[in-house]
Amino acid sequence: MWINNIHTIFVLLPFLRLKFLKVELLEELIENHKKFSKMVVKPCAEVKGEVTVSGSKNSALPLLASALLVEELILENFPLLLDTLYALKILKILGKDIELNPTLKRVRIYGEIKRIKVPYELSSRFRGSILFLGGLLGAGGKAVISHPGGCAIGARPIDQHLKFLSHLGANLTLKGGYINASLPKEVKNSNFVFDVVTVTGTENALLTLAGLEGEFTLENVALEPEVFDLLDFLRKLGIKILTHGRTLKISVPPKGGLKRRLTHRVIPDRIEAGTFLVLGSLLGNPLKVSGLNTDHLGVLLEKLEEAGVTLKILTPTEVEVFRSLPPKGLFIETAPYPGFPTDMQAQFMAMLSVARGSSVIVEKIFENRFQHALELVRMGANIKIKGNTAVIEGVKKLVGAPVKATDLRASASLVIAGLIAEGQTEISEIYHLLRGYEDMDKKLTFLGCHAELI
Ligand code: EPZ
């Protein structure tokens, strides 16, 4: 009898260890990111060679939420960064199993949902957690999720997310900071017009509709490439989606008609690509940025050329950038895609701080997305903020200083400023950078720069 037990233990041990290992690996990766508080950046004479961008954070997040709609989802070109690691942790809490392969940049999410409550202490760490509202509703019609709250760049309301659900006929109550949502048996309205173009609002609506059946129309939707990556995923699932301008016509078959297992490759991160192209505009001699999708970069490439930067589009996935010092001043106004991305204005502000002449940046998406300007001024930049407009007078050089990261893209702009400044720069609250960029320190070091996490 006892031999059988020992035998059973030896048979089960690898699986138990593997299961433990999976959880341990995720926790270990999160701890590995959280242990750093600063990045030390030193002046970099030039960046030469090639950097490959990772998968898009803002595409991976809705795709992770969509893992709740299927039995098994394998994501390739998966970016390992704090926001996606936190999202994986939420999926585990909801009952999903996770198999993470950092080397292959692949993650497999499988198993059944066992819980529908997303804990505040996790969801409050990143805005993208709101997408689990749509994922849970699409999966089983019920969700309990904390209001994600705002962040440094603005109030980040979710009124449009909730207005869409109410329009469907969902029951929504707010208790103790948690939104309790449940879909109706019968949908009240199958057409919805967003008052505001909202990326995660559009994505949440799509995730919710995936769990219903019938014909739906969404108007005034966001058209970011990350939204289209989700559309591609949902089409693979078996949902018919026609796009006409900012209108989506969606036809969802009965639940049985949807695929239960899928593999999907995350699109390249266009904001990381843009960040390296800005760096190359200042230091590239030349810098080749690979693994990107030039179709997603439109206005960014135009603005860099307008600044006098030499860009060579080698293939649809590779752009070579030659520095042009000093860059010319620009007028930039952020707008929903395909307009100039708000997620790139901080990086451009760092570049325009040393441009010839003056530049104007008008931030039309978020009400408080100029905090990096205050830090750039500490490095010698000449920037005046009036409401949602920044006027930048180019200066000869920036001077390294201790600065503070305030949000994800602000931290990237301070890294760029530190690399072109004279003297050392120490960026504190560096977790903001680690939330949204995969291995930025390693990529910069590989290009010959000094960007050390401590
Ligand atoms: C997404 O945020 C991105 N995040 C942001 O990227 C990006 O800056 C933003 O879209 C704009 O492109 C993810 O995709 C995870 P919005 P999201 O809803 O969806 C207002 C980064 O750096 N609004 O499109 O939260 C809102 O206040 C991050 O990676 C409402 O009024 O942004 C803002 O003014 C930062 N009511 C505007 O719409 C709502 O219900 C656009 O916000 C929703 C939004």
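**Two domains, two helix pairs and a few odd loops**

Mentor: In this predicted model, domain 1 and domain 2 bury about 2000 Å² between them, and carbon and sulfur atoms give 51% of that area.

Trainee: Which three residues supply more than any others of the area that domain 1 buries against domain 2?

Mentor: Tyr337, Arg435 and Glu438, which supply 33% of what domain 1 buries there.

Trainee: What makes that area a sensible way to talk about an interface?

Mentor: The accessible area lost when parts come together is often how the size of an interface is given.

Trainee: And where do the domains run along the chain?

Mentor: Domain 1 takes 34-54 + 268-453, while domain 2 is 57-265. The contact draws 25 residues from domain 1 and 25 residues from domain 2. To be counted, a residue needs heavy atoms within 4.5 Å of the other side. As for the domain centres, taken over C-alpha atoms, 30 Å separate them.

Trainee: OK, on to helices. Why are H7 and H8 called roughly parallel?

Mentor: Check the angle. Helix H7 (residues 199-209) and helix H8 (residues 225-237) cross at roughly 10 degrees, with axes coming within 10 Å. The label needs an angle under 35 degrees, so H7 counts as roughly parallel to H8.

Trainee: Which residues make that contact?

Mentor: H7 brings Val199, Thr202, Glu203, Leu206 and Leu207, and H8 brings Glu226, Val227, Leu230, Leu231 and Leu234. By class, that contact has 7 nonpolar residues, 1 polar and 2 charged. Glu counts as charged, and both helices bring one: Glu203 from H7 and Glu226 from H8.

Trainee: How do you know that H11 and H12 earn the label "roughly parallel" too?

Mentor: Run the test again. Helix H11 (residues 345-352) packs against helix H12 (residues 371-378) at about 25 degrees, with the axes 10 Å apart. Under 35 degrees is what the label asks for, so H11 is roughly parallel to H12.

Trainee: Left-handed or right-handed, that crossing of H11 and H12?

Mentor: Right-handed. Gln345, Ala346, Met349 and Ala350 of H11 meet His372, Ala373 and Leu376 of H12.

Trainee: What makes 2 residues of that contact polar?

Mentor: Gln and His are in neither the nonpolar nor the charged list, so they fall among the polar ones. That leads to the split of 5 nonpolar, 2 polar and no charged.

Trainee: Now the loops. Which peptide bond with omega near 10 degrees is cis?

Mentor: The bond from Tyr337 to Pro338. Pro338 sits in the loop between S18 and H11, and Tyr337 you've already met at the domain interface. Another cis bond joins Leu325 and Pro326, with omega about -15 degrees. Pro326 lies in the loop between strand S17 (318-322) and strand S18 (331-333).

Trainee: What is notable about the phi of Lys105?

Mentor: Its phi is positive, about 55 degrees, although Lys105 is not a glycine. Look for Lys105 in the loop between strand S4 (97-101) and strand S5 (106-110).

Trainee: How do you know that Lys364 touches Glu333?

Mentor: Touching takes heavy atoms within 4.5 Å, and Lys364 has such contacts with Glu333, Thr334 and Asn388, leaving aside residues up to four places away in sequence. Lys364 is in the loop between strand S19 (358-362) and H12.

Technical notes. Residues are numbered from 1 along each chain as its sequence is written. This is a predicted model: local features need pLDDT of at least 70, side-chain atom pairs count only at pLDDT 80 or more; totals for chains, interfaces and linings use all residues. Side-chain values use heavy atoms; hydrogens and water are left out. Axes are lines fitted to C-alpha atoms, for helices over the stretch in contact, and angles run from 0 to 180 degrees between N-to-C directions. Helices (H or I, at least four residues) and strands (E, at least two) are DSSP runs, numbered from the N terminus. Angles under 35 degrees count as roughly parallel, over 145 as roughly antiparallel, 65 to 115 as roughly perpendicular and the rest as oblique. A crossing is left-handed if the near helix is turned anticlockwise from the far one by less than a right angle, and right-handed if clockwise. Domain bounds come from an automatic or database domain assignment. Buried area is the accessible area (1.4 Å probe) that two parts lose on being put together, summed over both.
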